[in-house]
Amino acid sequence: MSTETPLAPAGAHRADTDGPVRTQRRLPRFAASGLFLGGLVVGGLLSALTGFSLVLAVVYGVVLGTLAVYLVSRSIEGRRKATDRLVTSLVTTAFLIAMVPLLSLVYTVLDNGLPRLDGAFFTNSMYRVVGEGGGAYHAILGTVIITALATIISVPIGLLTAIYLVEYGTGRLKKAITFFVDVMTGIPSIVAGLFSFALFTLVFGNSVRLGVMGAVALSVLMIPVVVRSCEEVLKLVPNELREASYALGIPKWRTVVKVVLPTAIAGLGTGITLSVARVVGETAPLLVTVGLITGTNLNPFDGRMATLPVFAYFQLTQPGTATQAFIDRAWTAALVLIILVMALNVVARLISRFFAPKTGR
């Protein structure tokens, strides 16, 4: 007579080592979501009993919904699956809470900025405008010029520094550079503005305000971001590629130029684009170094220049007789800045997608 134990059917497990085999039970597909929504409804009703408050309703609902999902799952699916559903509910709740201020910000800026997002806003400046009308043509051009100049200053310095840290740096000098880059990453933006202001006033005097001063201030903020992002990307290049190049007798500098950089080009482009997005909306350093004018100045080496962040700041804080017109222009300038930052992030994603090394055959 055979004494072999029959195999358990698929989807079954033992409750313990000597217990009988039982089929694992699971909640229906949308049961967890339904329980959580039911908790939100009950939380709203509890809040309505003492005078409805949206914040209290959300708090009550999240707590009750999470408890309901956990307890029902614990009784049907077991401890492990219930714990998984509990953590999922907490993570989802945290995500939704984080999205509330973001969506509120986007809605507020769109609601207040769209009325003045017209052709005149992009083709007119504020020269001789004291009330309604006018636009941010001069500020948009100033932002583009100063940001481009800051990029020209920052990218070579940051990229070469990253190459040194990854490919050549050793010992105390490498540690010192890494330390100071970390420190520069966290400095307040106003410090960068004061540094640029002090640097130029030592040469040209206290009354100087130039577009290039703003570019230097932004480059102080941009360089450590470029260094950090490029350094991490260069570290991802496999050492086997470098070793294969060295085995062919190719010198190190040529290996970096012909092998390492082309392999990391997608990540480098993404990091540089995101660093530009990091500084394009800075206000404090530009307030100190560039100032504000109502006309158009396209020469960053001669006189003040207008920029979008400073334009929005002064439109909001120093309105003239037509207060609402100034506030509308401030909101529209903020909307244009958000669009610029979003466009830069989209460009970074496109660079990462289309310039990444092709690994498939």
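At what angle do the axes of α9 and α10 cross? In this predicted model, the answer is roughly 145°, with the two axes coming within 10 Å of each other. As for handedness, α9 passes α10 in a right-handed crossing. On the α9 side, the residues that take part are Leu 241, Arg 242, Ser 245 and Tyr 246, and they meet Lys 252, Thr 255, Val 259, Val 260 and Thr 263 of α10. Sorted by type, the residues of this contact come out as four nonpolar, three polar and two charged.

Helix α10 itself is a good place to go next. It runs over residues 252-263, twelve residues in total, and spans 15 Å from its first C-alpha to its last, close to the 16 Å expected at 1.5 Å a residue. Which of its residues are buried? They are Thr 255, Val 256 and Val 260. Looking down the axis of α10, these buried residues fall within an arc of 100°, so they line one face of the helix. A bit of general helix geometry is handy here: an α-helix has 3.6 residues a turn, so residues three or four places apart point the same way. The cover over the buried residues of α10 includes α5 (137-168), α8 (211-235) and α9 (239-247). Two of the buried residues, Thr 255 and Val 260, also turn up in the contact with α9.

Back on the α9 side, Leu 241 sits in helix α9. Is Leu 241 buried or partly exposed? Its relative accessibility is 36%, so Leu 241 counts as partly exposed. Setting aside neighbours within four places in sequence, Leu 241 is in contact with Val 259 and Thr 263, and both of these belong to α10. For a sense of distance, Leu 241 and Thr 170 are 71 residues apart in sequence and 21 Å apart in space, C-alpha to C-alpha.

Helix α8, part of the cover over α10, holds two residues worth a look. One of them is Val 233, which has a relative accessible area of 17% and is therefore buried, the cut-off being under 20%. What does Val 233 touch, once residues up to four places away in sequence are left out? The list is Ala 264, Gly 267 and Leu 268. The C-alpha atoms of Val 233 and Ala 264 are separated by 6.3 Å, although their positions lie 31 residues apart along the chain as a sequence separation. Arg 228 is also found in α8, but at a relative accessible area of 23% Arg 228 is partly exposed. Beyond its neighbours within four places in sequence, Arg 228 is in contact with Thr 178, Val 181 and Asp 182. Arg 228 and Gly 158 are 70 residues apart in sequence, yet their C-alpha atoms are 8.4 Å apart in space.

Further along the chain, Thr 273 is found in helix α11 (residues 265-279). With 11% relative accessibility, Thr 273 counts as buried. Its contacts, leaving aside neighbours within four places in sequence, are Leu 344, Val 347, Ala 348 and Ile 351. Seen from the other end of that pairing, Leu 344 lies in helix α14 (residues 323-354). Not counting residues up to four places away in sequence, Leu 344 touches Thr 273, Val 276, Ala 277 and Val 280. Leu 344 and Thr 66, by contrast, are 278 residues apart in sequence and 38 Å apart in space, C-alpha to C-alpha.

That leaves a backbone oddity. Most residues other than glycine have a negative phi. Arg 128, however, has a phi near 60°, a positive value in a residue other than glycine. Where is Arg 128 found? Arg 128 is in the loop between α4 (119-123) and α5. Its relative accessible area is 72%, so Arg 128 is exposed.

Key: Residues are numbered from 1 along each chain as its sequence is written. This is a predicted model: local features need pLDDT of at least 70, side-chain atom pairs count only at pLDDT 80 or more; totals for chains, interfaces and linings use all residues. Side-chain values use heavy atoms; hydrogens and water are left out. Helices (H or I, at least four residues) and strands (E, at least two) are DSSP runs, numbered from the N terminus. The expected span of a helix is 1.5 Å times one less than its number of residues. Buried means under 20% relative accessible area, exposed over 50%, partly exposed in between (1.4 Å probe, protein chains only). The arc is that of the directions from the helix axis to the C-beta atoms. Contact means heavy atoms within 4.5 Å. Axes are lines fitted to C-alpha atoms, for helices over the stretch in contact, and angles run from 0 to 180 degrees between N-to-C directions. A crossing is left-handed if the near helix is turned anticlockwise from the far one by less than a right angle, and right-handed if clockwise. Ala, Val, Leu, Ile, Met, Phe, Trp, Tyr, Cys and Pro count as nonpolar, Asp, Glu, Lys and Arg as charged, and the others, Gly among them, as polar.
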